[in-house]
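Visitor: I'd like a close look at a single part of this protein rather than a quick tour. Could you pick one helix and walk me through it, with enough of the surroundings to place it?

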Amino acid sequence: MMASHLEHHLALLNHLRGILVALGEAEQVLDDSHALFLERYDELLAELPRDPVSSQYLGQVLISQVFNRYPQIAHLVPRDLLWFFGGDCLHFMPDEEIALYQTLDERRFAAEENGEPFDWHQEKQLLTLPTDGARH
């Protein structure tokens, strides 16, 4: 089950990499360091499956840099990545969103402890459904 959780985040990282590459190809990057940034990003993609714990800090740094270097795509950064890497990435999340992800993680850990399947997407949708008072 942990592998699928990691695979989910690797897929999101690859998606974000595609956006970053497109940004460079569209010549919306003002300096030459974009290629170097992508190299470091690729290091993260290679290292994360091998050593997820040691890769956390590099992930925090790179995801935070996406917000600082490429503010025009900040809204395209998958929110799951902010939570996954934590640390400085949490500065880009409002308190309500952090609370949602804490609940999601608690449910995921409980399911793993009980040997039950856990569907991150389904649970996230359930948690973000409007409450009875908000329905139209």
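Guide: Let's start with one term: two residues are in contact when they have heavy atoms within 4.5 Å of each other. Keep in mind too that this is a predicted model. Count the contacts in the protein with a separation of 6 or more, and 59% of them turn out to join residues 24 or more positions apart.

Now the setting. The protein has six helices and zero strands, so to speak an α-α-α-α-α-α run from the N terminus on. Its C-alpha atoms fill a box of roughly 50 × 40 × 20 Å along the principal axes. There are 136 residues, and 40% of them count as buried. The accessible surface is about 8,200 Å², with 54% of that belonging to carbon and sulfur atoms. As for charge, you'll find 9 positive and 23 negative side chains, and the centres of those two sets are 2 Å apart.

The part I'd pick is helix α5, which covers residues 95–113. Does its length add up? With 19 residues at 1.5 Å a residue, α5 should span 27 Å, and because its end C-alpha atoms are 27 Å apart, the two agree. Its buried residues are E97, I98, L100, Y101, L104, D105, R108 and A111. Look down the axis of α5 and these buried residues fall within an arc of 155°, so they line one face of the helix. Over on the other side of α5, D95, E96, E106 and E113 are exposed. After α5 comes G115, which has a positive phi, near 65°.

Let's zoom in on D105, which sits in α5. Its relative accessible area is 14%, and since buried means under 20%, D105 makes the cut. What does D105 touch? Setting aside neighbours within four places in sequence, D105 is in contact with W83 and W120.

For another buried residue, take H9, in helix α1 (residues 2–25). H9 has 1% relative accessibility, so it counts as buried. Leaving out residues up to four places away in sequence, H9 touches D80, L81 and F84.

Back on α5, then, the picture to keep is a helix with its buried residues lining one face, and with D95, E96, E106 and E113 exposed on the other side.

Terms used. Residues are numbered from 1 along each chain as its sequence is written. This is a predicted model: local features need pLDDT of at least 70, side-chain atom pairs count only at pLDDT 80 or more; totals for chains, interfaces and linings use all residues. Side-chain values use heavy atoms; hydrogens and water are left out. Helices (H or I, at least four residues) and strands (E, at least two) are DSSP runs, numbered from the N terminus. Buried means under 20% relative accessible area, exposed over 50%, partly exposed in between (1.4 Å probe, protein chains only). Accessible areas come from the Shrake-Rupley method with a 1.4 Å probe; for residues, only the protein chains shown count as cover. Lys and Arg count as positive and Asp and Glu as negative; His and the chain ends are not counted. The place of a charge is taken as NZ of Lys, CZ of Arg, CG of Asp or CD of Glu. The expected span of a helix is 1.5 Å times one less than its number of residues. The arc is that of the directions from the helix axis to the C-beta atoms.
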